[in-house]
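Reader: I would like to learn how to read a structure of this kind one feature at a time, with the general idea set out before the particular case. Could we begin with how burial is judged?

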Amino acid sequence: MINPIFLFLSFNITEEDCIKTLKTIHLKKGVVCKECGHTEHYWKSDKKAFECKKCKKRKSIKVGTLMEGSKLPIHYWVITLGLILSGKYRIKEIQNHFKIRYQTIHNLYQTIITQLRRSKTIISSENVLEEYFLHELFEVNYYEKILETYLEYLSEPYIEYS
């Protein structure tokens, strides 16, 4: 059987797909302005942010997620999470994949690893991916479902020790 993770990573994961999916996740959860509490907003595609209709404050698509404060593209996070879950890649190999500084990918890797260790709902790469694969969602929805699963996980706030 083909390893579903490698199959997923063979897709051309685009930043636009990641933004679209993450935007949908935010909309499902509900976008609330931190300044005024208003729930109506505009989507500013040029800024990749929601803008409150009342006070005009913007909320980046990464705010309130594991990716908050990072200047790295969202698809770097998605691909790195997939590579970590495959269990076959280390920092140096991921760095070579993206061709960016070691320290940058090290910080990204450590953030995801720390979150995985602290999380009570561990993503089981084998279970989640094979479930989609076996239910024949591959043809139409495989890519979208896995991307959504990864981004839902990455859209969770960073877990701090209490």
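Author: Burial is read from relative accessible area, where buried means under 20%, exposed means over 50% and partly exposed lies in between, with a 1.4 Å probe and protein chains only. Thr24, at 40% relative accessibility, therefore counts as partly exposed. Thr24 has its place in helix H2, and its C-alpha atom is separated by 9.2 Å from that of Glu148, which is 124 residues apart from Thr24 along the chain. This is a predicted model, in which local features need pLDDT of at least 70 and side-chain atom pairs count only at pLDDT 80 or more, whereas totals for chains, interfaces and linings use all residues. Residues are numbered from 1 along each chain as its sequence is written, and side-chain values use heavy atoms, with hydrogens and water left out.

Reader: How are helices delimited, and which residues of H2 are buried?

Author: Helices (H or I, at least four residues) and strands (E, at least two) are DSSP runs, numbered from the N terminus. An α-helix has 3.6 residues a turn, so residues three or four places apart point the same way. In H2 the buried residues are Glu15, Cys18, Ile19, Thr21, Leu22, Ile25 and His26. For Cys18 the relative accessible area is 0%, which is why Cys18 is classed as buried.

Reader: What span does H2 reach, and what follows this helix?

Author: The expected span of a helix is 1.5 Å times one less than its number of residues. H2 covers residues 15–29, and its 15 residues reach 21 Å from the first C-alpha to the last, close to the 21 Å expected. After H2 comes Gly30, whose phi is positive, near 100 degrees.

Reader: How does helix H3 read by the same criteria, and where does His75 fit in?

Author: The 13 residues of H3 should span 18 Å at 1.5 Å a residue, and the end C-alpha atoms are 19 Å apart, which agrees. H3 is mostly covered, with 13 of its 13 residues buried, and just after this helix Gly87 takes a positive phi of about 75 degrees. His75 is found in H3, which comprises residues 74–86, and its 18% relative accessibility makes it count as buried. Contact means heavy atoms within 4.5 Å; leaving aside residues up to four places away in sequence, His75 touches Ile13, Thr14, Glu15 and Cys18.

Reader: Which strands pair in the sheet, and in what order do they lie?

Author: Two strands pair if DSSP finds at least two bridges between them. Here three strands form an open sheet in the order E1-E2-E3, with antiparallel pairing. Strand E1 (41–44) and strand E3 (58–60) stand at the edges with a single partner strand each, so one side of each is left without a neighbour in the sheet. From one strand to the next the twist averages 25 degrees, where axes are lines fitted to C-alpha atoms, for helices over the stretch in contact, and angles run from 0 to 180 degrees between N-to-C directions.

Reader: How many bridges join each pair, and which residues face one another?

Author: E1 and E2 pair over four bridges in the antiparallel sense, and strand E2 (residues 49–52) pairs with E3 over three bridges, also antiparallel. Glu51 in E2 is the bridge partner of Tyr42, and Glu51 also stands opposite Arg58 in E3. The hairpin of E1 and E2 has four residues between the strands, and in this hairpin Lys48 takes a positive phi near 55 degrees.

Reader: How many disulfides does the chain have?

Author: A disulfide is a covalent bond between the sulfur atoms of two cysteines. The rule applied here requires a pair of cysteine sulfur atoms within 2.5 Å, and by this rule the count comes to zero disulfides. Cys55 is in no disulfide, the nearest cysteine sulfur being that of Cys33, 3.4 Å away. At 32% relative accessibility, Cys55 counts as partly exposed.

Reader: What do the totals for the whole chain look like?

Author: The chain has seven helices and three strands, and from the N terminus on its elements run α-α-β-β-β-α-α-α-α-α. Of the 162 residues in the chain, 41% are buried. Among contacts with a separation of 6 or more, 60% come from residues 24 or more positions apart.
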